[in-house]
Amino acid sequence: MSLKKVLIVNKTFPKAGLDLLKDKLQVTVLPYLDYQPEMLPEIKKNIAGNHALIWNTKHRLNKELLDLAGPQLEAITTMASGVDHIDIAEVAKRGIPLGNTPEVLDNAVADITVGLLIAAARSFKPGIREVESGEWKYGVQWNLSRHINGTTVGIVGLGGIGQAVVRRLKGFDVGRFIYSGRSDKPEAKALGAERVPIEQLLKESDYVVLCCPLTEETKHLINKETIKLMKDTSVIVNIGRGGIIDQDALYDALKEGRIFAAGLDVTTPEPIPKDHPLVSLPNCLIIPHLGSATVETRDAMAKLSSQNILQALDGKPMLHPIC
Ligand code: NAP
């Protein structure tokens with residue numbers, strides 16, 4: 001009997017995930033990295049006839065690609081928590097199970113979030129620039145920044161990652177945790193976090209931490225108008241998706257000192273060009289989407305992707321189903 005076929009759209013899909021598929025499925029791994037434009041024609045060439053897709057790419061899985069894949073397609077998973085690169089309605093319409101890989105990445109992404117928060121608040125970037133250029137101007141009033149203890153931290157999206165961020169920041173003697181979202185989180189009580197409207201969160205927070213998905217509702221949630229609500233001493237951290245922030249508005253606000261600093265793990269586009277205006281700002285620290293990038297976490301995500309696919313092809317529910 002011939003094996004069912006799975007297409008993995010990223011050449012760096014970890015071996016830990018591939019090993020689970022060995023001898024069970026016929027695997028094709030595309031030769032390009034997820035963000036390379038050359039990948040799209042390669043996807044179009046290879047997608048037909050597959051029974052499953054591991055969609056580990058920034059190219060959007062849309063109607064055109066699903067049509068090209070063909071009616072035999074039985075299962076799709078991301079190797080990510082976010083599913084903003086998938087046309088979910090189109091997948092659901094076709095009744096194809098779709099899964100993702102949350103939870104296993106919460107700790108790694110929360111670590112990066114706290115790292116970014118400290119680095120942005122404590123002005124690592126201008127400090128490092130001065131060290132590297134030999135212009136370290138030592139003095140008691142040099143490179144002064146913001147502290148964390150006693151402050152208000154606002155989490156936009158108290159999901160798996162947001163909760164792991166709060167657990168970590170509790171060790172920093174934060175004064176108050178608030179969060180915004182579409183529903184009350186049962187875990188919030190134990191974490192000591194209070195749900196407030198987004199406008200109140202932006203007004204009262206010293207740290208605004210974006211841990212929500214990119215959706216129609218959250219696209220450019222941080223924009224020219226909403227930035228006006230924020231304190232001029234506030235720091236914004238984004239580990240969600242670049243599209244949650246209107247980057248032109250963020251640039252103006254950081255340049256004019258209307259907020260203190262930003263720490264971004266995610267941007268639009270990715271990779272962000274080195275001559276992008278945000279890259280030039282001393283108070284905008286950008287790291288290259290490192291959230292889940294530990295060996296252990298990526299292995300766990302790959303295994304979960306493979307398990308999602310194997311479960312669905314076996315007629316069982318995925319471990320983390322979206323629809
Ligand atoms: P999750 O467990 O599903 O949590 C997402 C949270 O966002 C939920 O609590 C949800 O609560 C909330 N949310 C949804 N719409 C919202 C809105 N309009 N305003 C405020 N909150 C909203 O997902 P997660 O694993 O924590 O991941 C969150 C996001 O982080 C992902 O979607 C992805 O974009 C990003 N991410 C980034 C990295 C990285 O490497 N930087 C890694 C993993 C994930 P309600 O539905 O009640 O609002």
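# Questions about a predicted model

User: What makes the nonpolar surface patch of about 430 Å²?

Analyst: Val-131, Trp-136 and Tyr-138 make it. Keep in mind that this is a predicted model.

User: Why is Val-131 called partly exposed?

Analyst: Its relative accessibility is 47%. Buried means under 20% and exposed means over 50%, so a value in between is called partly exposed. Val-131 sits in helix H6, residues 124-132. A patch residue needs over 30% relative accessible area, so Val-131, at 47%, clears that bar too.

User: And Gly-150, is that one buried or exposed?

Analyst: Exposed: its relative accessible area is 57%, and the cut-off is over 50%. You'll find Gly-150 in the loop between H6 and strand E6 (152-156). From its C-alpha to that of Leu-66 is 51 Å, with the two positions 84 residues apart along the chain.

User: How do you know which way to call Ala-164, buried or exposed?

Analyst: Its relative accessibility is 0%, and anything under 20% counts as buried, so Ala-164 is buried. It lies in helix H7, residues 160-169. Ala-164 and Thr-226 are 62 residues apart in sequence, and their C-alpha atoms are 26 Å apart in space.

User: Let's turn to the ligand. How many residues surround it, and which are the closest?

Analyst: There are 28 around it, and the closest are Ser-81, Arg-182, Ser-183, Ile-239 and Asp-265. Sorted by class, that shell has ten nonpolar, 13 polar and five charged residues.

User: What makes the Gly-159 pair with the ligand a polar contact?

Analyst: A backbone N or O atom of Gly-159 is 3.2 Å from a ligand oxygen. The limit for a pair of N or O atoms is within 3.5 Å, so the pair qualifies. Gly-240 also offers a backbone N or O atom, 3.3 Å from an oxygen atom of the ligand. With Glu-217, a polar side-chain atom lies 3.4 Å from a ligand nitrogen. Both of those distances fall within 3.5 Å as well. As for the ligand's surface, taken alone it exposes 920 Å², and the protein buries 87% of that.

User: What makes Lys-58 and Glu-270 a salt bridge?

Analyst: The closest N and O atoms are 3.3 Å apart, and the rule asks for a Lys or Arg side-chain nitrogen within 4 Å of an Asp or Glu carboxyl oxygen, so the pair passes. Lys-58 is in the loop between strand E3 (52-55) and helix H3 (63-69), and Glu-270 is in the loop between strand E11 (261-264) and helix H12 (277-280), so the bridge ties together parts that are 212 residues apart in sequence. Lys-58 itself is partly exposed, at 40% relative accessibility.

User: Why can such side chains pair at all?

Analyst: Side chains of opposite charge can pair when their charged atoms come close.

User: How does Asp-206 with Lys-231 fare under the salt-bridge rule?

Analyst: Their closest N and O atoms are 3.0 Å apart, so they too are within 4 Å and count as a salt bridge. Asp-206 lies in the loop between helix H9 (198-204) and strand E9 (207-210), Lys-231 in the loop between helix H10 (224-227) and strand E10 (235-238), so the pair links parts 25 residues apart in sequence. At 17% relative accessible area Asp-206 is buried, whereas Lys-231, at 27%, is partly exposed.

User: What about Glu-225 and Lys-228?

Analyst: Their side chains meet in a salt bridge, 3.3 Å from N to O. Lys-228 is exposed, at 54%. Elsewhere, salt bridges with shared partners join Lys-63, Asp-67, Glu-90, Lys-93 and Arg-94 into one network. The count comes to 20 salt bridges.

User: What is the backbone doing at Thr-268 and Pro-269?

Analyst: A cis peptide bond joins them, with omega at about -5°. Glu-270 and Pro-271 are likewise joined by a cis peptide bond, with omega about -5°. Pro-269 is in the loop between E11 and H12, and Pro-271 is placed there too.

User: Last one: what is the phi of Asp-173, and of His-289?

Analyst: Asp-173 isn't a glycine, yet its phi is positive, about 55°. It is found in the loop between H7 and strand E7 (176-180), and at 57% relative accessibility it counts as exposed. His-289, also not a glycine, has a positive phi of about 50°. Its loop runs between strand E12 (284-286) and helix H13 (295-313), and with 26% relative accessible area His-289 is partly exposed.

Methods
Residues are numbered from 1 along each chain as its sequence is written. This is a predicted model: local features need pLDDT of at least 70, side-chain atom pairs count only at pLDDT 80 or more; totals for chains, interfaces and linings use all residues. Side-chain values use heavy atoms; hydrogens and water are left out. A residue is near a molecule or strand if one of its heavy atoms lies within 4 Å of it. A polar contact is a pair of N or O atoms within 3.5 Å; within protein, one must be able to donate a hydrogen and the other to accept it, and residues adjacent in sequence count only if both atoms are side-chain atoms. Accessible areas come from the Shrake-Rupley method with a 1.4 Å probe; for residues, only the protein chains shown count as cover. Ala, Val, Leu, Ile, Met, Phe, Trp, Tyr, Cys and Pro count as nonpolar, Asp, Glu, Lys and Arg as charged, and the others, Gly among them, as polar. Patches are made of residues with over 30% relative accessible area and no salt bridge: like charges are joined within 9 Å, nonpolar side chains (Val, Leu, Ile, Met, Phe, Trp, Tyr) within 5 Å. Helices (H or I, at least four residues) and strands (E, at least two) are DSSP runs, numbered from the N terminus. Buried means under 20% relative accessible area, exposed over 50%, partly exposed in between (1.4 Å probe, protein chains only).
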